[in-house]
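This report walks through a single protein chain, moving from one helix to helix packing, then to the nonpolar cores and to individual buried loop residues. Please keep the sequence and the coordinates at hand while reading.

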Amino acid sequence: MVEIADSAVVARTSMQDVTGKRPQAGAASPEGEAFAPLAAVAARPWRALAERAIEPNGYYLPDWELAVNASATGRTGVSALSAWSEASSAQDGAARLIGLMPVVSLWRAYRIPLPALVSASPYGTLGTPPLDRDMANDAVSRLLVEARNAGAHALILRDVSLDGAAMNAFGEVLRQDGMRPRNLQSYVRACLDATRDADELLRDALGAKKLKELRRQRHRLAEHGAISFDVARRPDDVAAALETFLRLEASGWKARRGTALMQDDGDAGFIRRAAPALAEMGQCEIVTLRAGEMPVAAAIVLRHQDRAFYFKLGVDERFAKLSPGVQLTLDLTRHLCADPAIATADSTASADHPMINPIWRGRFAIGDVLIPLRSGDPVVSLIHAALTLRRQVREFARHAAHVIRDRT
């Protein structure tokens with residue numbers, strides 16, 4: 001029997017959910033409907049949906065996103081739009097979860113006081129929502145209805161796969177209603193075709209001269225001890241390898257910038273909960289490169305369906321001249337290409353990333369998309385204009401900061 005979140009814990013949506021403003025006592029949502037806090041979505045139907053998802057996303061797996069929602073700083077306490085099938089449409093006669101979208105208000109996401117919902121940040125750069133591959137259009141339709149009933153005029157999907165099956169389903173449902181999605185911003189990032197032979201792929205990507213230089217650096221690294229590449233898969237092994245990763249990450253530039261996971265108790269708590277839980281499901285590995293007994297680089301890799309997700313990398317910067325992060329990435333590339341269960345790997349990196357782009361030459365289009373909820377709604381144009389202005393102001397401020405930094 002598929003579990004359904006207990007209606008007693010479903011929080012009634014108010015205008016605070018869509019605008020960030022607190023309503024008067026007793027006020028309900030404009031349409032009188034409700035949707036659940038994410039923490040009320042039961043893990044079992046969510047896991048079943050993840051298995052049937054039309055498109056993989058390791059960052060919206062339940063054991064990951066529920067851990068983020070529980071403690072990751074700035075990412076807790078989000079809500080969830082959910083879509084359920086009719087009971088009679090499932091083989092066992094029970095309703096099943098066919099779509100899910102963790103959301104926050106436009107006010108919380110961007111400090112814009114307009115009635116829209118935004119996909120919640122999953123502590124990763126992919127926000128493609130899980131949709132049942134057999135009922136994707138139905139799932140989208142029901143998610144849009146729930147968003148309308150919450151009083152929203154638009155949905156903003158952040159960091160979605162623009163050419164993926166999930167976005168195609170949103171586009172098809174909108175076309176049927178005489179609407180279309182609006183791209184807010186986009187970029188391409190590196191991905192790996194893991195169906196290829198790894199050595200051939202690396203030769204094509206880096207060339208003989210660069211590979212020769214990397215082999216020279218690896219020999220230099222081996223002067224500190226035999227080089228080994230270890231893959232932790234079991235929950236206990238992942239938990240131990242995670243501590244090695246956290247120490248490496250906190251020893252370098254991320255610590256100086258204040259972005260290492262270990263530097264924030266909430267972030268450290270989330271990853272210590274998520275990684276072993278995902279490993280229990282075969283959905284997380286931690287890879288470590290060692291010189292002798294000394295770890296010089298480590299990375300967290302998520303797995304969902306036939307795709308891997310390269311989440312974070314930590315290195316010992318004392319060996320920076322020997323490229324330990326690149327050396328680990330080469331070994332990871334060989335590891336993923338040798339795994340018949342993996343077809344692609346998403347770098348989840350920024351555009352033009354200087355380390356991963358020359359190695360993984362595939363490209364993956366990512367963007368933010370505005371989904372209108374009512375045809376001809378002038379509020380949607382207002383939301384679009386506000387988001388565009390915000391982006392332009394931020395780009396101007398970023399450019400000005402670079403100019404000032406260069407002059408000083």
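What should the twelve residues of helix α6 (residues 165-176) span at 1.5 Å a residue, and how far apart are its end C-alpha atoms? In this predicted model, the expected span of α6 is 16 Å, and its end C-alpha atoms lie 17 Å apart, which agrees. The buried residues of this helix are Ala166, Met167, Ala169, Phe170, Gly171, Val173 and Leu174, and what covers them includes α5 (136-149), β5 (154-161) and β12 (362-372). Just after α6, Gly178 adopts a positive phi of about 75°.

**The chain as a whole**

The chain has 408 residues, of which buried residues make up 51%, and its secondary structure comes to twelve helices and twelve strands. Among contacts between residues at least 6 apart in sequence, 76% join residues that are at least 24 apart.

**Packing of α8 and α10**

Two packed helices are described by the angle between their axes and the distance between the axes. For helix α8 (residues 235-249) and helix α10 (residues 265-280), the axes come within 8 Å and cross at roughly 145°, and the crossing is right-handed. On the α8 side the contact is made by Pro235, Val238, Ala239, Leu242, Glu243 and Leu246, which meet Ile271, Arg272, Ala275, Pro276, Ala279 and Glu280 of α10. By class, the residues of this contact divide into nine nonpolar, three charged and no polar.

**Nonpolar cores**

The largest nonpolar core holds 35 residues, and the members that touch the most others are Leu192, Tyr310, Ile359 and Trp360. Two or more residues each are given to this core by β6 (182-193), α7 (198-222), β8 (284-291), β9 (294-304), β10 (307-315) and α11 (324-337), with α7 providing the largest share, eight residues. When residues up to four places away in sequence are not counted, Ile359 touches Leu201, Leu202, Ala205, Leu206, Val326, Thr329, Leu330 and Thr333. A second, separate core of 33 residues includes Leu61, Val238, Ala298 and Phe311.

**Buried residues in loops**

The table gathers four loop residues with their relative accessible areas.

| Residue | Loop between | Relative accessible area |
|---|---|---|
| Tyr123 | β4 (116-119) and α5 | 11% |
| Gln283 | α10 and β8 | 17% |
| Ser323 | β10 and α11 | 18% |
| Thr348 | β11 (344-346) and β12 | 10% |

Because buried means under 20% relative accessible area, Tyr123 counts as buried at 11%, and Gln283 does at 17%. Setting aside residues up to four places away in sequence, Tyr123 touches Tyr59, Trp64, Val68, Ala72, Arg75, Leu261, Asp267, Phe270, Phe311 and Lys312. One of these partners, Ala72, is 51 residues from Tyr123 in sequence, while the C-alpha atoms of the two are 8.0 Å apart in space. Gln283, with its neighbours within four places likewise left aside, is in contact with Leu61, Leu278, Val301, Leu302 and Arg303.

Which backbone angle marks Ser323, although it is not a glycine? Ser323 has a positive phi of about 55°, and this residue is buried, with a relative accessible area of 18%. Thr348, which is not a glycine either, has a positive phi of about 45°, and at 10% relative accessibility Thr348 also counts as buried.

How values were computed:
Residues are numbered from 1 along each chain as its sequence is written. This is a predicted model: local features need pLDDT of at least 70, side-chain atom pairs count only at pLDDT 80 or more; totals for chains, interfaces and linings use all residues. Side-chain values use heavy atoms; hydrogens and water are left out. Helices (H or I, at least four residues) and strands (E, at least two) are DSSP runs, numbered from the N terminus. The expected span of a helix is 1.5 Å times one less than its number of residues. Buried means under 20% relative accessible area, exposed over 50%, partly exposed in between (1.4 Å probe, protein chains only). Contact means heavy atoms within 4.5 Å. Axes are lines fitted to C-alpha atoms, for helices over the stretch in contact, and angles run from 0 to 180 degrees between N-to-C directions. A crossing is left-handed if the near helix is turned anticlockwise from the far one by less than a right angle, and right-handed if clockwise. Ala, Val, Leu, Ile, Met, Phe, Trp, Tyr, Cys and Pro count as nonpolar, Asp, Glu, Lys and Arg as charged, and the others, Gly among them, as polar. A nonpolar core is a set of buried Ala, Val, Leu, Ile, Met, Phe, Trp, Tyr and Cys residues joined through side-chain atoms within 4.5 Å.
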